[in-house]
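User: Got a minute to walk me through a structure? I'd like to go over the packing and the pockets.

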Amino acid sequence: MSEHKQQDLEPGFIFQRVARQRLRLSDKRLAPYNLTSAQVFLLNWLLHKDGLTQKELAQRLTVGTVAVSGMIDRLESAGLVFRTEDPNDRRAKKVWLKESVRTNRALLSGIAKEINDVSFMGMSDDEIRTLLGLMDKVRRNLAEALDADDPSKWVNEQPIHWVTAASQVARCDPSP
């Protein structure tokens with residue numbers, strides 16, 4: 001197998017490419033509506049639980065609060081969300097959906113279904129269930145590793161050493 005083909009089968013490359021291609025296809029389908037996949041992820045969180053704070057949205061989206069603030073600014077300018085002060089914390093802002101998002105929920109769901117249909121093309125229902133179950137297991141393993149206080153619980157027993165060019169030269173140096 002060629003080096004390029006072998007690399008294509010590495011888990012990290014597969015996960016990254018699948019995620020990026022799904023996002024690119026989502027962005028392409030959402031472009032006529034002046035939305036991005038990142039904005040739709042935010043809207044979907046609000047569809048599940050309206051009135052989240054910007055900090056809560058940042059945590060759920062696993063991005064920084066500055067990035068979320070910028071997304072909310074753009075969604076607010078587009079007339080899709082609005083902010084109010086949090087009555088429990090004057091420094092925090094809650095984000096709420098405007099009715100236009102609820103009205104267009106079917107459109108957003110339809111685009112998500114299209115992306116899934118393309119993603120799973122040629123797979124049986126059993127294959128899709130198996131794939132999603134395995135992916136969820138990978139997600140849980142990674143979440144557990146991220147939450148671990150002691151990295152030795154999830155990494156190889158042998159430490160991994162970074163090799164520098166200088167250390168390589170030192171190893172190859174035949175002088176005494």
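User: Which residues of α4 meet α5?
Analyst: This is a predicted model, to say that up front. On the α4 side you have Gln-54, Lys-55, Leu-57, Ala-58 and Leu-61. They meet Thr-65, Val-68, Ser-69, Met-71 and Ile-72 in α5.

User: What's the makeup of that contact by class?
Analyst: The contact of α4 with α5 has 6 nonpolar, 3 polar and 1 charged residues.

User: And at what angle do the two axes cross?
Analyst: Roughly 110 degrees, and the axes of α4 (residues 54-61) and α5 (residues 65-77) come within 9 Å. Angles of 65 to 115 degrees count as roughly perpendicular, so α4 is roughly perpendicular to α5.

User: What about α3 and α5, how do they pack?
Analyst: Their angle is about 90 degrees, and the axes are 10 Å apart. That makes α3 roughly perpendicular to α5. From α3 the contact takes Ala-38, Gln-39, Leu-42 and Leu-43. From α5 it takes Val-68, Met-71, Ile-72, Arg-74 and Leu-75. By class, that gives 7 nonpolar, 1 polar and 1 charged residues.

User: Switching to the sheet. What's the strand order?
Analyst: It's β1-β3-β2, an open sheet of 3 strands with antiparallel pairing. β1 (52-53) and β2 (81-86) each have a single partner strand, so they stand at the edges and one side of each is left without a neighbour in the sheet.

User: How many bridges join β2 to β3?
Analyst: There are 6 bridges, and the two strands run antiparallel. One pair to look at is Phe-82, whose bridge partner in β3 is Trp-96. A hairpin through 2 residues joins β2 to β3.

User: And how many between β1 and β3?
Analyst: 2 bridges, again in the antiparallel sense, with β3 covering residues 89-97. Thr-53 stands opposite Lys-94 in β3.

User: Which helix lies across those strands?
Analyst: That's α3 (residues 37-48), which lies across β1, β2 and β3. α3 runs at about 95 degrees to β3.

User: OK, pockets. How much space is in the largest one?
Analyst: About 1500 Å³. The largest pocket is lined by 40 residues, and the closest to its centre are Ala-19, Arg-22, Leu-23, Phe-41 and Asn-116.

User: Which helices supply at least two residues of that lining?
Analyst: α2 (11-30), α3, α4, α7 (105-119) and α8 (125-147) each do. The largest share comes from α2, with 10 residues.

User: And the chemistry of the lining, by class?
Analyst: For the largest pocket, it's 26 nonpolar, 9 polar and 5 charged residues.

User: What's the volume of the second largest pocket?
Analyst: About 160 Å³.

User: Which residues line that second largest pocket?
Analyst: The lining is Tyr-33, Asn-34, Leu-35, Leu-43, Ala-78, Leu-80, Ser-100, Val-101, Asn-104, Leu-107 and Leu-108. α6 (99-103) and α7 each supply at least two residues of it. Leu-43 also turned up on the α3 side of the contact with α5.

User: How many charged residues are in that lining?
Analyst: The second largest pocket has no charged residues in its lining, with 8 nonpolar and 3 polar ones.

User: Last one: where did α7 come up in the pockets?
Analyst: α7 supplies at least two residues to the lining of the largest pocket, and at least two to that of the second largest.

Definitions and conventions. Residues numbered from 1 in each chain as written. Predicted model: local features only at pLDDT ≥ 70, side-chain atom pairs only at ≥ 80, totals over all residues. Heavy atoms only, no water. Pairing = 2+ DSSP bridges. Helix = DSSP H or I, 4+ residues; strand = E, 2+ residues; numbered from the N terminus. Contact = heavy atoms within 4.5 Å. Axes fitted to C-alpha atoms, helices over the stretch in contact; angles between N-to-C directions. Parallel < 35°, antiparallel > 145°, perpendicular 65-115°, else oblique. Nonpolar A, V, L, I, M, F, W, Y, C, P; charged D, E, K, R; others polar. 1 Å grid on protein atoms, 1.4 Å probe; cavity = no way out; pocket = protein on both sides within 12 Å on 5 of 7 lines; lining within 4 Å. Points joined across faces, edges and corners; volume = space filled by probe spheres on them.
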